[in-house]
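I opened this entry to keep a record of what I looked up in the model, taking the pockets before the strands. The notes are in the order in which I went through them.

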Amino acid sequence: MHAIVCQGNGRYYVSAVFGYFRDITATDEHEKYIQSIRNPYWIVWDEEKKRLIRWLHMVPNDKYINPQILIIDSDRNNWNMDDEGVGCVDFLSRELLDSFLDNEQQPEDILEKCRSMDAGYIYEEIQEIKGQKEIDNLYWASGGFHDAYIAKEELQQDGTLYLKFDGAWGCEIEIWLWGDLEYDTSCKNPDCYDPYWYSSTILQEDGFIYFVDDNNMTVEKIDKGYCYFKARHMKYRIIPE
């Protein structure tokens with residue numbers, strides 16, 4: 001697993017992710033809900049990749065819900081975790097992490113294992129969707145396009161459709177679609193309708209990629225009531241806030 005670690009004002013770095021934990025201590029149901037949003041944190045490298053740190057999922061002390069971790073590679077095959085995704089890589093544990101995370105000097109053998117796990121990873125800002133892996137990664141980074149809207153739509157001279165989404169939590173998203181392109185964005189025309197997306201579906205079928213403004217969609221369900229895109233190819237770029 002890898003993530004963009006957002007530092008604010010467009011500053012960020014990319015880190016391997018080694019764990020995800022939540023501390024929910026409240027007994028009141030509403031307060032539990034607040035803590036479930038505000039308290040989760042990830043275990044990542046510091047900016048210089050010299051030590052491991054806790055990094056809150058949401059920007060602290062902010063009245064808005066602004067993620068400061070954007071997952072760009074969701075692979076957790078080497079993690080031990082519960083049904084809610086809480087856990088860490090298999091050579092760590094919550095108890096072990098708590099024993100050294102606040103120390104200036106951290107165990108070199110642990111850091112070396114983390115470096116080995118991270119070795120060879122190269123972050124490419126523009127990702128082409130080849131299969132389910134890239135689809136899953138885009139869902140993670142975009143939050144399923146919840147609260148996003150199309151801020152720019154441009155059909156380029158070579159037939160590529162360029163889209164820029166704003167409003168997604170923690171980022172903007174650029175998308176390019178090309179090859180036997182079909183699309184209809186009329187139902188999200190801001191002059192007539194609510195432009196915001198609340199969910200999305202990306203699926204592949206018969207050599208095409210379909211991108212639709214609703215969840216759990218199938219090709220058969222797509223009609224004029226949806227904002228949809230169909231193309232042979234699709235690529236995207238995540239722009240951290």
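The entries below cover two pockets, one sheet and one histidine, and I note at the outset that the model is predicted.

**Entry on the largest pocket.** I looked up the volume and found that about 450 Å³ of space lies in the largest pocket. Its lining has 22 residues, and I noted that those closest to the centre are Y20, W42, H57, M58 and W140. I then asked which helices and strands each supply at least two residues of this lining. Helix 1 (29–38), strand 5 (69–73) and helix 4 (132–142) each do so. Sorting the lining of the largest pocket by residue class, I recorded 13 nonpolar, 6 polar and 3 charged residues.

**Entry on the second largest pocket.** Here I noted a volume of about 190 Å³, with 13 lining residues, of which I72, Y121, Q127, K133 and N137 are the closest to the centre. Strand 5, helix 4 and strand 16 (233–240) each supply at least two residues of this lining, and I wrote down that helix 4 contributes the largest share, 3 residues. Strand 5 and helix 4 therefore appear in my notes for both pockets, since each supplies at least two residues to the lining of the largest pocket and at least two to that of the second largest. The class division for the second largest pocket is 6 nonpolar, 2 polar and 5 charged residues.

**Entry on the open sheet.** I traced a sheet of 4 strands, which is open, has the order 12-15-14-13 and is paired in antiparallel fashion. Which strands stand at the edges? They are strand 12 (182–184) and strand 13 (201–205), and because each has a single partner strand, one side of each is left without a neighbour in the sheet. For the twist I recorded an average of 10° from one strand to the next. Turning to one pair within the sheet, I found that strand 14 (residues 208–212) and strand 15 (residues 228–231) run antiparallel and are joined by 4 bridges. In this pairing I209 stands opposite A231 of strand 15.

**Entry on H2.** I located H2 in strand 1 (residues 2–8) and asked whether H2 counts as buried or exposed. Its relative accessibility is 7%, so H2 counts as buried, the cut-off for that class being under 20%. I also looked for a partner of its side chain, and noted a polar contact at 2.8 Å between the side chain of H2 and the side chain of D118.

Note on methods
Residues numbered from 1 in each chain as written. Predicted model: local features only at pLDDT ≥ 70, side-chain atom pairs only at ≥ 80, totals over all residues. Heavy atoms only, no water. 1 Å grid on protein atoms, 1.4 Å probe; cavity = no way out; pocket = protein on both sides within 12 Å on 5 of 7 lines; lining within 4 Å. Points joined across faces, edges and corners; volume = space filled by probe spheres on them. Nonpolar A, V, L, I, M, F, W, Y, C, P; charged D, E, K, R; others polar. Pairing = 2+ DSSP bridges. Axes fitted to C-alpha atoms, helices over the stretch in contact; angles between N-to-C directions. Buried < 20%, exposed > 50% of the residue type's maximum accessible area, 1.4 Å probe, protein only. Polar contact = N/O pair within 3.5 Å; in protein donor to acceptor, adjacent residues only side chain to side chain.
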